[in-house]
Amino acid sequence: MELDSLYILNYRNIQQADLNFSARINCLVGSNGMGKTNILDAIYYLSFCKSAWAQSDQMVIRHGQDCMMIRGTYDSSSVQPVDISCTARLHGRKQFKRQGKEYRKFSEHIGSIPLVMISPSDMELITGGSEDRRRFMDQVISQYDKEYLNRLIEYNKALTQRNAMLKADAEPSAELMSMWEAVMDMAAQKIHKSRCEFTDRLIPYFQELYSEIGVMQETVGLNYSSHMQRGSLLQQLEEGRARDRAAGYTLHGIHKDDLEMTLGGFPIRKEGSQGQNKSFLVALKLAQAVFMTEVCSGKKPLLLLDDLFDRLDSQRVSRILKLVASERFGQTFITDTDRSHLDSVLSSIGQDYRLFTVSNGEVS
């Protein structure tokens, strides 16, 4: 699926923009703070019903305005173009529509427009806590597995209820505690199975792509760890009630899972240079795009590359751009502060591309 056109009104610093894109590569050039990333964020919003960075919908509405609107027209395998639109107001509910018909639940839309973004904030996958890496797994799997998203919602609801009981002054009801633990266990079995399958299938793509953009002699790895590998979660929850009650929260479960990332057999957060870390993350996200193409019946996700050139030498940048311009990947959006980076590489690739200049929220 490709994004043919994008209309933006009052989104962050963009007052109004009406853009038509190339089906292959689109470059957004401008100084920092001019609005390049905001355009990528608007594209991201139309896939995930939310901003990649803002904590609330109110935060993406342009200062001094009371609403924002984003509308995208997508070319799909069907005869009719797909029209996706969103309107959010400072005071009022958000509306998300497909072909003019409003969704009952935003979760119904997730996965209909697959998308992969690479941005500077991805460094948190390496430097941040396990919740960042779980979020990465959840976002990927939820795009192609609706049942996974439903089980994740069920698990988190039950976890919230159990934690509330653990924190309560009164002694929790054993019967009610057992009920929520059973819900957590059933949902966790599906979640754990899906995360295992995802990781196993992602690793070969990831290692191959890292070798293509990094150094052949460097070995990288991913290892999914979970309390579920110790046996029945239900048993762990039941046996851990006293400890959990003392702590005031649930100590075991898939909400503690992690995706360990290694370089040369050691944690990359301790071993990797800035260039190695960036190459690791780019390879990981490109592997995600290749994997999603496979599980989505050949439908290539949109690929958003924000500030790609930071911390990478010119050789790695050239390799990455040649990769994303290949037939393995679909429509791509790239931001950069220096047009010379893009012109020199893209001219040698020979792919169709369109270049936009962004200045103070205006796009030309």
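**Figure 1. Helix H9 from end to end in the predicted model.** Helix H9 takes in residues 274–295, 22 residues in all, and its first and last C-alpha atoms sit 32 Å apart. That is close to the 32 Å you'd expect at 1.5 Å a residue. Most of H9 is covered, with 19 of its 22 residues buried. After the helix comes Ser297, which has a positive phi near 55°.

**Figure 2. Where helices H3 and H4 cross.** H3 covers residues 130–144, and H4 runs over residues 146–167. Their axes come within 5 Å and cross at roughly 130°. An angle like that falls outside the parallel, antiparallel and perpendicular ranges, so H3 and H4 count as oblique to each other. On the H3 side, the contact is made by Asp138, Ile141, Ser142 and Tyr144. H4 brings Lys146, Tyr148, Leu149 and Leu152 to meet them.

**Figure 3. H3 again, this time against H5.** Here the axes are 11 Å apart and the packing angle is about 95°, which makes H3 roughly perpendicular to H5. From H3, the residues in the contact are Arg134, Phe136, Met137, Asp138, Val140, Ile141 and Tyr144. H5 answers with Ser194, Arg195, Phe198 and Thr199. Asp138, Ile141 and Tyr144 of H3 turn up in this contact as well as in the one with H4.

**Figure 4. Glu208 on helix H5.** H5 spans residues 174–213, and Glu208 is part of it. Glu208 has 37% relative accessibility, so it counts as partly exposed. Measuring tape between C-alpha atoms puts Glu208 and Gly350 24 Å apart in space, with their positions 142 residues apart in sequence.

**Figure 5. Asn163 and its polar partner.** Asn163 lies in helix H4 and is buried, with a relative accessible area of 16%. Its side chain makes a polar contact with the side chain of Thr250, at 2.8 Å. Leaving aside residues up to four places away in sequence, Asn163 touches Gly248, Tyr249 and Thr250.

**Figure 6. Ser85 in strand S5.** The strand covers residues 82–89. Ser85 counts as buried because its relative accessibility is 12%, under the 20% cut-off. Setting aside residues up to four places away in sequence, Ser85 touches Ile70 and Arg71, and also Gln95, Phe96 and Lys97.

**Figure 7. Cysteines without a disulfide.** A search of the whole structure turns up 0 disulfides. Take Cys49: the nearest cysteine sulfur belongs to Cys86 and is 7.3 Å away. A disulfide needs the two sulfurs within 2.5 Å, so that pair doesn't qualify. Cys49 is buried at 5% relative accessibility, and Cys27 is buried too, at 0%.

**Figure 8. Two asparagines with positive phi.** Most residues other than glycine have a negative phi. Asn10 has a positive phi of about 55°, and Asn360 has one of about 50°. Where do they sit, in a strand or in a loop? Asn10 lies in strand S1, residues 2–11, while Asn360 is in the loop between strand S14 (353–359) and strand S15 (362–363). Their surroundings differ in accessibility: Asn10 is buried, with a relative accessible area of 7%, whereas Asn360 is exposed at 58%.

Key:
Residues are numbered from 1 along each chain as its sequence is written. This is a predicted model: local features need pLDDT of at least 70, side-chain atom pairs count only at pLDDT 80 or more; totals for chains, interfaces and linings use all residues. Side-chain values use heavy atoms; hydrogens and water are left out. Helices (H or I, at least four residues) and strands (E, at least two) are DSSP runs, numbered from the N terminus. Buried means under 20% relative accessible area, exposed over 50%, partly exposed in between (1.4 Å probe, protein chains only). The expected span of a helix is 1.5 Å times one less than its number of residues. A polar contact is a pair of N or O atoms within 3.5 Å; within protein, one must be able to donate a hydrogen and the other to accept it, and residues adjacent in sequence count only if both atoms are side-chain atoms. Contact means heavy atoms within 4.5 Å. Axes are lines fitted to C-alpha atoms, for helices over the stretch in contact, and angles run from 0 to 180 degrees between N-to-C directions. Angles under 35 degrees count as roughly parallel, over 145 as roughly antiparallel, 65 to 115 as roughly perpendicular and the rest as oblique.
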